Amino acid sequence: MSVLPNASFNQRHAERQRKRRLLFGGVFLLVLLFPVSVWFASSAARQHKKAQIELDHMTTQINQFSEIGQYFAEFEKSQSLLMGLVDEAERQGLSVHQWSVRSIELSKIETRRQEAAFYLSSIGRDEKQFFIPELVEIRVVNPRDDIFKLYQDSMDLLELTLKGQYYSRSDS
C-alpha cells in the first residue's frame with residue numbers, strides 16, 4: 001500500500017511540474033512575442049503614416065488635375081469662340097491675308113500744328129484702314145504755348161510721338 005500514496009504523490013508532482021512548465025513556457029513565449037508585437041505595431045504605425053502622406057499627396061494631385069481640367073475646358077470653349085469669330089470675320093471679308101501691317105514709329109518729331117493734324121487724321125479708322133496705337137504723345141515745344149489754342153505770339157510747333165501698328169486693306 002505504500003506504493004499507492006507514492007504513485008499519487010508522483011502523479012501530483014508530475015502534474016505540478018507539467019503545469020509549471022506550461023506556465024513558464026507561456027510566460028517565456030509572451031516575453032519573446034512582446035518585442036515582436038511591439039515591432040509589428042510600430043512598423044504598422046510607420047506604414048500608416050507613410051500611406052497617409054501618400055494619400056494627401058495624391059489628393060493634392062487630383063485637385064490640381066481637376067483645376068487643370070477646368071482650365072482646359074475653358075480654353076477649349078475660348079478656342080471654339082475664337083475660331084467662330086475668325087470664320088465670321090472671313091465671311092465678312094476681313095481675312096488676315098487681306099490686310100497689310102506697317103509699324104509706325106515717329107519719335108519726338110517737331111512739326112507744325114497743321115502737319116500734326118494731318119498725321120493724326122491719316123491714322124483714322126474706316127473700312128480700309130485703322131491704327132492700333134501703343135503710344136501717342138503730343139507736347140508743345142515752347143512751355144509758354146498752349147496745346148489746344150494757338151495764340152498770336154505762339155511758335156506753332158508741337159512735338160509728336162506716334163508708335164503702333166497701321167493696318168491697311170490690300171486690294172488682292
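This is a short dialogue on reading some features of a predicted model.

Visitor: Let's start with the sheet. How many strands form it, and in what order?

Guide: To read a sheet, follow the pairing from strand to strand. Here 3 strands make an open sheet, ordered 1-3-2, with antiparallel pairing. Strand 1 and strand 2 are the edge strands, each pairing on one side only. From one strand to the next, the twist averages 5°.

Visitor: How many bridges join strand 2 to strand 3?

Guide: There are 11 bridges between strand 2 (residues 129-140) and strand 3, and the two run antiparallel. Strand 1 (residues 99-112) pairs with strand 3 (residues 157-169) over 12 bridges, also in the antiparallel sense.

Visitor: Which residues could I click on to see the register?

Guide: Try Leu158 in strand 3, the bridge partner of Thr111. Leu158 is also the bridge partner of Val140. For another pair, look at Val136, which stands opposite Leu162 in strand 3.

Visitor: What lies across these strands?

Guide: That's helix 2 (residues 113-122), which lies across strand 1, strand 2 and strand 3. Relative to strand 1, helix 2 runs at about 165°.

Visitor: Now the backbone angles. What is the usual sign of phi?

Guide: Most residues other than glycine have a negative phi. Now look at Lys108: its phi is positive, about 50°, although Lys108 is not a glycine. You'll find Lys108 in strand 1.

Visitor: Is Lys108 buried or exposed?

Guide: Lys108 is exposed, because its relative accessible area is 51% and the cut-off for exposed is over 50%.

Visitor: On to helix 1. Which residues form a nonpolar patch on the surface?

Guide: Leu23, Val27 and Val31 do, and together they have about 280 Å² of accessible area. Take Val31 as an example: it is found in helix 1 (residues 3-91). Its relative accessibility is 52%, so Val31 counts as exposed.

Visitor: What about Ala51, where is its place?

Guide: Ala51 is in helix 1 too. With 41% relative accessibility, Ala51 counts as partly exposed. Pick it together with Tyr119 and check the distance: the two are 68 residues apart along the chain, and their C-alpha atoms are separated by 71 Å.

Visitor: Next, charges. How many salt bridges does a search of the whole structure find?

Guide: The search finds 5 salt bridges. One of the pairs is Glu15 with Arg18, whose side chains meet at 2.7 Å, N to O.

Visitor: Why are Glu15 and Arg18 separated by about one helical turn?

Guide: Because they are 3 residues apart in helix 1, about one helical turn separates them. Glu15 is partly exposed, with a relative accessible area of 32%, and Arg18 also counts as partly exposed, at 42%.

Visitor: Where do Arg91 and Glu88 lie?

Guide: Both lie in helix 1, 3 residues apart, or about one turn of the helix. Their side chains meet in a salt bridge of 2.9 Å, N to O. Arg91 is exposed at 60% relative accessible area, whereas Glu88 is partly exposed at 33%.

Visitor: And which residue forms a salt bridge with Glu137?

Guide: Arg139 does, with the closest N and O atoms 3.6 Å apart. Arg139 counts as partly exposed at 43% relative accessibility, and Glu137 is partly exposed with 23%. There's also a network: salt bridges that share partners join Arg112, Arg113 and Asp156.

Terms used
Residues are numbered from 1 along each chain as its sequence is written. This is a predicted model: local features need pLDDT of at least 70, side-chain atom pairs count only at pLDDT 80 or more; totals for chains, interfaces and linings use all residues. Side-chain values use heavy atoms; hydrogens and water are left out. Two strands pair if DSSP finds at least two bridges between them. Helices (H or I, at least four residues) and strands (E, at least two) are DSSP runs, numbered from the N terminus. Axes are lines fitted to C-alpha atoms, for helices over the stretch in contact, and angles run from 0 to 180 degrees between N-to-C directions. Contact means heavy atoms within 4.5 Å. Patches are made of residues with over 30% relative accessible area and no salt bridge: like charges are joined within 9 Å, nonpolar side chains (Val, Leu, Ile, Met, Phe, Trp, Tyr) within 5 Å. Accessible areas come from the Shrake-Rupley method with a 1.4 Å probe; for residues, only the protein chains shown count as cover. A salt bridge is a side-chain nitrogen of Lys or Arg within 4 Å of a carboxyl oxygen of Asp or Glu. Buried means under 20% relative accessible area, exposed over 50%, partly exposed in between (1.4 Å probe, protein chains only).
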